[in-house]
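User: I would like to go through the labels attached to this model and the cut-offs behind them. Please set each value against its definition.

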Amino acid sequence: MSGKLYLCATPIGNLEDITLRVLRTLKEVDLIAAEDTRYSRKLLNHYEIKVPMTSYHEHNKVDKARYLVEQLIDGKHIALITDAGTPAISDPGEELVKQAYDAGIPVTSLPGPCALITGLTLSGLSTQRFSFEAFLPHGKRERARILKELTEDTRTLILYEAPHKLKKTLEELYEALGKRTITIVRELTKIHETILRTSLEDAVAFYEGSEPKGEYVLIIEGKSHKELEIEKQSMWEEKTIAEHMKTYIDKGQDKKEAMKSVAKDRGISKREVYQALLDAKIE
Ligand code: SAM
């Protein structure tokens with residue numbers, strides 16, 4: 001019988017934020033795979049957990065996951081913990097989960113702290129629809145592409161950011177997204193937990209006079225539906241009906257669908273669209 005892989009959520013700051021089930025599981029497994037064994041040793045010592053640990057991190061994840069899967073096939077039960085929070089969220093965990101599934105190993109996740117969810121709950125922004133973007137990519141082009149995509153997103157946006165990159169990221173977000181509300185949560189669950197709820201513009205100004213320190217989650221208001229509607233309207237207001245039709249046909253709609261879309265945008269009937277096209281001798 002193969003063993004089981006347990007994804008164990010650990011504290012993101014406050015050592016008391018750990019579930020009874022995670023503590024029991026960490027004591028019962030044969031091996032604990034940890035992102036940084038020296039860092040996790042403190043947590044395990046605090047809870048008097050003496051199970052052997054092995055390192056599993058970004059730079060050895062593919063080969064080490066293979067080794068861990070072999071151990072699981074041999075019947076060992078393994079817990080995965082990362083530096084903080086829920087394994088597989090913005091950390092190497094997802095590789096091990098994938099390889100375990102590929103080998104038919106049972107996997108379970110023991111829920112607990114997660115910085116993005118904790119930040120979202122404190123944001124005061126819509127929690128109904130949100131998009132987690134993790135860390136923005138480093139590459140200039142890829143970063144610009146993602147920022148462009150984000151400008152159209154109506155969902156609340158959640159980003160992780162390192163302190164030394166915070167200022168630059170805020171400036172770029174302001175440039176791309178303009179006037180939006182942002183909640184910047186810092187050092188969640190720790191003594192110096194702080195919450196700054198402001199506009200992107202003021203956030204940029206705030207950090208001009210203050211050096212970022214600690215761990216951050218940024219939660220930003222999505223684009224408003226009203227703004228989207230206005231943009232959509234101004235996109236066709238200058239166009240003739242034939243040009244307006246073409247924008248939908250270029251997007252892959254057939255003629256019938258395009259007539260319906262144009263009629264809807266302009267608040268007129270399909271017959272009127274048809275007539276206008278006839279008048280323009282397009283039909
Ligand atoms: N797996 C983790 C989770 O469940 O949230 C995230 C790991 S990711 C490598 C680390 C990032 O999470 C940090 O750079 C920071 O953006 C965010 N983070 C982690 N702990 C935090 C805390 N206590 N306060 C604010 N942000 C935190």
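User: Why is Lys 223 called buried?

Analyst: Lys 223 has a relative accessible area of 4%. Buried means under 20%, exposed over 50%, and partly exposed in between, with a 1.4 Å probe and protein chains only, so Lys 223 is placed in the buried class. The model is predicted, with local features requiring pLDDT of at least 70 and side-chain atom pairs pLDDT 80 or more, while totals for chains, interfaces and linings use all residues. Residues are numbered from 1 along each chain as its sequence is written, and side-chain values use heavy atoms, leaving out hydrogens and water.

User: What makes the contact between Glu 152 and Lys 223 a salt bridge?

Analyst: The N to O distance between the side chains of Glu 152 and Lys 223 is 3.4 Å. A salt bridge needs a side-chain nitrogen of Lys or Arg within 4 Å of a carboxyl oxygen of Asp or Glu, so this pair qualifies. Glu 152 belongs to the loop between helix 6 (140-151) and strand 7, and Lys 223 to the loop between strand 10 and helix 9 (225-237), so the pair ties together parts 71 residues apart in sequence. Helices and strands here are DSSP runs numbered from the N terminus (H or I, at least four residues; E, at least two). Unlike buried Lys 223, Glu 152 is partly exposed, at 41% relative accessibility.

User: How do you know that Glu 28 and Arg 24 are about one helical turn apart?

Analyst: Both are in helix 1 (residues 20-28), and the two are four residues apart, which is about one turn. Their side chains also meet in a salt bridge, at 3.1 Å from N to O. Glu 28 has 53% relative accessibility and counts as exposed, whereas Arg 24, at 43%, counts as partly exposed.

User: Where do Lys 168 and Glu 172 lie, and what distance separates their closest N and O atoms?

Analyst: Lys 168 and Glu 172 are both in helix 7 (residues 166-177), four residues apart, about one turn of the helix. Their closest N and O atoms are 3.3 Å apart, and the pair forms a salt bridge. Lys 168 is partly exposed at 47% relative accessibility. Elsewhere, Glu 142, Arg 145 and Glu 149 are joined into one network by salt bridges that share partners. By the same rule the count comes to 14 salt bridges.

User: Which residues line the second largest pocket, and what makes it a pocket?

Analyst: Lys 223 appears again in this lining, which also includes Leu 125, Arg 129, Arg 155, Glu 221 and His 225. On a 1 Å grid over the protein atoms alone, a cavity is a set of points where a 1.4 Å probe fits but cannot get out, while a pocket is an open set with protein on both sides within 12 Å along at least five of seven lines; lining residues have an atom within 4 Å of a point. The second largest pocket holds about 200 Å³ of space, a volume being the space filled by probe spheres set on grid points joined across faces, edges and corners. Its lining divides into one nonpolar, seven polar and four charged residues. Ala, Val, Leu, Ile, Met, Phe, Trp, Tyr, Cys and Pro count as nonpolar, Asp, Glu, Lys and Arg as charged, and the others, Gly among them, as polar.

User: How many residues line the largest pocket, and which domains supply them?

Analyst: The largest pocket is lined by 26 residues, with Ala 84, Ala 115, Phe 135, Tyr 160 and Glu 215 nearest its centre. Its volume is about 580 Å³. The lining takes at least three residues from each of domain 1 (5-113) and domain 2 (116-223), the bounds coming from an automatic or database domain assignment. Strand 7 (156-161), strand 8 (181-186) and strand 10 (216-220) each contribute at least two lining residues. By class, the lining has 13 nonpolar, five polar and eight charged residues.

User: What makes the phi values of Ala 134 and Glu 187 worth a remark?

Analyst: Most residues other than glycine have a negative phi. Ala 134 has a positive phi near 55 degrees, and Glu 187 has one of about 50 degrees. Ala 134 sits in the loop between strand 6 (130-132) and helix 6, and Glu 187 in the loop between strand 8 and strand 9. Ala 134 is buried at 18%, as is Glu 187 at 14%.
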